[in-house]
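Colleague: Please show me the model, and let us then discuss its aromatic rings and its buried parts.

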Amino acid sequence: MDDIPEARRDSPRAAVQTAVPSRWLWLGSGLLGLMVVGALWYLIRPVATATEVKTEPALASVTEAAATPLVPAAETESGQVSPEAAAKQASLLGHRQYSEVETTALVPLKNNAGVRLHADAAEKVEEMLATARAQGIQLGVISGFRTWEEQRRLFFEVKAERGQNTETRAEVSAPPGYSEHHTGYAVDFVDLSAPETHLEEPFEQTAAFRWLSENANRYGFEMSFPKDNPDISYEPWHWRYVGDPASLEVFFQEQE
C-alpha cells in the first residue's frame with residue numbers, strides 16, 4: 001500500500017477497491033455475462049419458436065405441391081389443352097386422344113342450337129353457311145361438340161348393331177376419349193339437298209363438298225381425314241377448325 005497516495009488511503013472507496021481481489025472481479029464479470037446471455041435467449045426463444053411454427057407448414061405445402069401431378073388442360077376452367085398435356089397424349093387404333101372440353105366454353109349455332117362449338121369456330125361456320133347459301137349452295141352442319149358418352153354409344157352400340165370388329169369400327173368412328181368432336185372444334189358438314197350422302201363418302205360428289213374444298217381454308221377449316229391418310233377412312237364430311245392459337249395447340253402439338 002506504500003504506493004497509494006495518502007489521500008486515497010483514507011477514502012472509503014479506496015478501501016473497498018483494495019479489499020476485493022482481482023480474481024473475484026473476474027468471476028463476477030463472468031456470472032454477469034452468463035446472466036445477460038440467459039436473459040437474451042429467454043427473450044428471443046419465443047420468436048425462434050414462432051418462426052419454426054410458421055415455416056414448417058410452408059415447407060410441407062411446397063413438398064405436397066411438388067408431389068402433385070400436373071392437371072390436364074381439360075380439367076381446367078378454360079378447357080384448353082396445355083402444351084405439357086398435349087405432348088403426353090396417346091393414340092388408340094389410329095385415333096389421337098382428346099380431352100373433353102368444358103361445355104361452358106361452347107356456344108350453339110344460331111340456326112342449329114343442337115350444334116355447339118367454340119365461339120371462334122361457331123362464328124366462322126355461320127359465315128360459311130351464309131356465304132354458301134347466298135351462292136345457291138345448301139351447306140349444312142349436323143354435328144359439332146360430342147360428349148364422351150355420346151361417342152361411347154356411337155362406337156360400341158353401332159359396332160354391335162353392325163357386327164363389326166374393333167379395327168373395322170375404328171376405321172369409321174373414334175373410340176370415346178379419342179374423337180376430335182370432344183374438342184369443340186370439329187364439324188360434320190352435309191349437303192341439305194342430298195340427305196342420302198350425309199356422313200357417307202358420296203358426299204364428295206355434292207355441290208356442298210365442292211364449295212368446302214374451294215373455300216373452307218379461307219375460314220380456318222381443313223379436312224381432318226383426307227384420302228390416303230394412313231390411319232382413318234376417308235371422311236369428306238369431317239372438318240376441323242384450326243384458325244386460332246388454341247385450336248392449333250389442340251391438333252398440332254407434337255406427341256411423345
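Modeller: This is a predicted model, in which local features need pLDDT of at least 70, side-chain atom pairs count only at pLDDT 80 or more, and totals for chains, interfaces and linings use all residues. Residues are numbered from 1 along each chain as its sequence is written, and side-chain values use heavy atoms, with hydrogens and water left out.

Colleague: How many aromatic pairs does the count come to?

Modeller: Rings of Phe, Tyr and Trp (its six-membered ring) pair if their centres lie within 6.5 Å; planes under 30 degrees apart count as stacked, over 60 as edge-to-face and the rest as tilted. By this rule, the number of aromatic pairs is eight.

Colleague: What kind of pair do Phe155 and Phe156 form?

Modeller: The ring centres of Phe155 and Phe156 are 4.9 Å apart. Their planes stand at 80 degrees, and the pair is therefore edge-to-face.

Colleague: Is Phe155 buried or exposed?

Modeller: Buried means under 20% relative accessible area, exposed over 50%, and partly exposed in between (1.4 Å probe, protein chains only). Phe156, at 42%, counts as partly exposed. Phe155 has 2% relative accessibility, so it counts as buried.

Colleague: How many residues apart in sequence are the parts that Tyr185 and Phe251 tie together?

Modeller: Tyr185 and Phe251 form an edge-to-face pair, with 6.2 Å between centres and 70 degrees between planes. Tyr185 lies in the loop between α7 and β6, and Phe251 in helix α9 (helices, H or I, of at least four residues and strands, E, of at least two are DSSP runs, numbered from the N terminus). The pair therefore joins parts whose separation in sequence is 66 residues.
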